[in-house]
Amino acid sequence: MRSERKVHPFVSVNRAVHVSGDASAPSRPVLNTVQLDVSYGGPLVLADLTTSIPVGEVTAIVGANASGKSTLLRALARLLKPAGGVVCLDGADIHRQSTRSVAVQLGLLPQSPRAPEGVTVGDLVRRGRYPHQRLFDPWSKADERAVARALELTGLSALVGRPLDELSGGQRQRAWIAMALAQDTAVMLLDEPTTFLDIAHQVEMLDLLVRLNRSENRTIVMVLHDLNQACRYASHLIAVAEGRVEAVGHPSEVVTTELIERVFGLRVSVITCPVSGTPLCVPHTHCDQP
Amino acid sequence: MNRTARLCATAAIAILGLAIVGLTVGDYPVAARTAIATAIWDRGGEFDFVINSLRFPRVVVAVLAGICLAASGLLFQTLIDNPLVSPDIIGIDTGAATAAVANLAIGLDVRLLPFAAFAGALTAALLIFALSWRGGFSGGRLVLVGIGINALLSAVITYMLVRFPVERVSAAARWQAGTLSASSWDDARTMALVLVVLLPVALLLVRRLRIMQLGGETAVALGMRLERNRVAVITTGCGLAAVVVAAVGPLGFVALLVPHVARSLAGPITVGVLFLTALLGAFMLLSADLVAQRLFAPTVLPAGVVTAAMGGPYLLLVLRRFNRAV
């Protein structure tokens with residue numbers, strides 16, 4: 001069965017994904033996985049996972065701890081080599097493409113990126129231009145424009161010369177986003193971009209990402225811990241449980257009491273958010289019973 | 001002119017000043033004007049031997065060795081983004097010294113010595129990096145493994161010094177504490193050759209190091225081919241450290257201390273910071289050697305003892321800051 005899948009898996013299956021994707025939405029998936037298996041040397045963390053990321057939308061990957069949601073994002077970012085199946089970028093195996101040509105199409109913000117001591121905001125953001133530069137290329141006008149734009153979009157233009165360690169958590173996270181923006185990729189992957197931020201900064205961060213999605217038409221894919229934020233901000237939800245996709249689609253269509261029970265093992269009531277009209281999950285707890 | 005360029009210019013002037021001092025002071029003091037004239041345009045004459053056979057090569061070797069060591073330290077520290085990962089601390093210098101002593105002990109041609117030292121440094125480095133690899137590098141683990149390898153290789157050197165006939169290994173004593181007192185134009189030539197090849201390589205690696213120091217995941221996301229660039233940085237760093245060990249023996253703490261000073265003056269690594277590091281390395285080694293020669297004159301200390309005396313307190317300072325961070 002295994003060997004059967006290995007024969008040009010993405011050529012045949014990718015087309016099938018296209019067709020079914022086209023039926024519901026006109027967008028063409030640029031990033032998709034086909035029968036993806038991933039392990040960290042032990043049992044499979046992702047098993048036989050086929051999904052695609054809709055172009056120009058905000059996709060949230062949700063799931064319980066250790067469900068494989070971060071692993072899926074890391075596999076999409078080619079940080080993990082699949083044990084089976086493929087991750088495809090524009091229809092071709094991402095691991096068969098030069099990592100630099102992938103880097104001009106696909107950006108990533110890891111969960112806790114590491115900043116060199118004393119680095120300034122401007123210095124960090126400029127490093128995002130790396131995949132666009134060749135060995136002896138000088139710093140170009142296009143590089144300068146991309147950096148200026150990234151700083152402007154994240155509201156950091158005034159802080160360009162400030163060391164990162166002097167900024168607040170929210171500003172620091174925006175600086176990292178600016179670095180990923182300077183990379184100027186059509187797809188941005190973010191691993192829990194709101195961790196370590198307070199609620200106000202979480203909202204600010206997600207607003208920023210949605211704004212980037214709308215004004216720049218960038219495809220955003222993020223792992224989110226907070227289910228309600230995922231429902232609120234994402235137009236496409238991928239719910240992962242035990243290394244499999246439990247449900248995909250628009251939050252209003254897929255988020256139900258049963259799904260949350262299956263994915264998180266938690267009983268919730270799904271109501272409509274009074275502000276946004278998106279689904280809002282209210283957990284039932286043992287303390288609720290009188 | 002930006003800040004880094006100004007600092008570089010200042011360091012270069014300071015080096016020039018120290019070099020002139022290095023030519024003039026000693027058991028036979030020579031006036032600065034005479035010393036410079038004898039070294040540059042008026043060769044021969046009364047002080048020819050003192051200046052052109054003893055002091056001038058020594059000054060040049062100190063400058064070149066300082067450049068090599070500091071640049072090597074900057075490469076390793078940036079690669080792992082940890083100020084303790086420097087070739088003298090993690091046992092790469094000792095690897096080079098072990099191979100150099102072995103080269104003497106088994107009686108191979110001394111012209112092979114720099115190559116043996118390079119092979120020793122590279123072997124030690126690969127061993128340390130392989131043993132501390134757990135799906136990624138951690139600075140702390142690397143330093144601990146390195147200290148272990150360092151101790152092991154020191155024992156091997158001691159064993160060889162005891163085991164092999166004294167007439168063969170007596171010259172090997174210099175690989176226990178580095179000294180510039182036997183510096184010759186040959187040493188200077190070897191180091192200059194290595195620098196001509198490896199300094200441009202190091203300059204090319206700066207842009208990649210700036211990406212690699214953001215961590216493995218970010219580096220891959222930015223299109224970095226990690227494995228081959230890591231190998232390139234390690235090989236270059238080993239070459240720079242090994243040539244110094246081959247010529248003058250292990251001089252501790254230059255590679256550890258100088259890059260940190262340069263970073264705190266001029267910020268994270270750039271081409272300018274690499275130049276500044278190289279110049280500060282030359283400055284530190286020149287001044288350490290002058291102190292070694294003159295502090296207890298006529299008794300002369302090995303320069304390695306002075307660099308250790310300068311670097312030891314600094315290492316304690318770094319460790320203290322580390323502890324507070326943990």
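**View 1. Open six-stranded sheet of chain A.** An open sheet of 6 strands in chain A of this predicted model follows the order β6-β7-β8-β3-β9-β10, with mixed pairing. Strands (E, at least two residues) and helices (H or I, at least four residues) are DSSP runs numbered from the N terminus, and two strands pair if DSSP finds at least two bridges between them. The edges are formed by β6 (106-109) and β10 (244-249) of chain A, each of which pairs on one side only. On average, neighbouring strands of this sheet are turned by 15° against each other, direction ignored.

**View 2. Pairing of β3 with β8 in chain A.** Strands β3 (residues 58-63) and β8 (residues 219-223) of chain A run parallel and are joined by 4 bridges. Ala60(A) has Met222(A) in β8(A) as its bridge partner.

**View 3. Helix α8 of chain A on the sheet.** Helix α8 (residues 199-216) of chain A lies across β3 and β8 of chain A and runs at about 155° to β8(A). Axes are lines fitted to C-alpha atoms, for helices over the stretch in contact, and angles run from 0 to 180 degrees between N-to-C directions.

**View 4. Contact between chains A and B.** In this view, 16 residues of chain B are in contact with 19 residues of chain A (C-beta atoms, placed from the backbone, within 7 Å). On the side of chain B that touches chain A, the elements giving two or more residues are α8 (185-212) and α9 (216-221) of chain B. The largest share of that side, 4 residues, comes from α9(B).

**Conventions.** Residues are numbered from 1 along each chain as its sequence is written, and chains are lettered from A and ligands numbered from 1 in the order in which they are written. In this predicted model, local features need pLDDT of at least 70 and side-chain atom pairs count only at pLDDT 80 or more, whereas totals for chains, interfaces and linings use all residues.

Definitions and conventions: Two residues are in contact if their C-beta atoms, placed from the backbone, lie within 7 Å.
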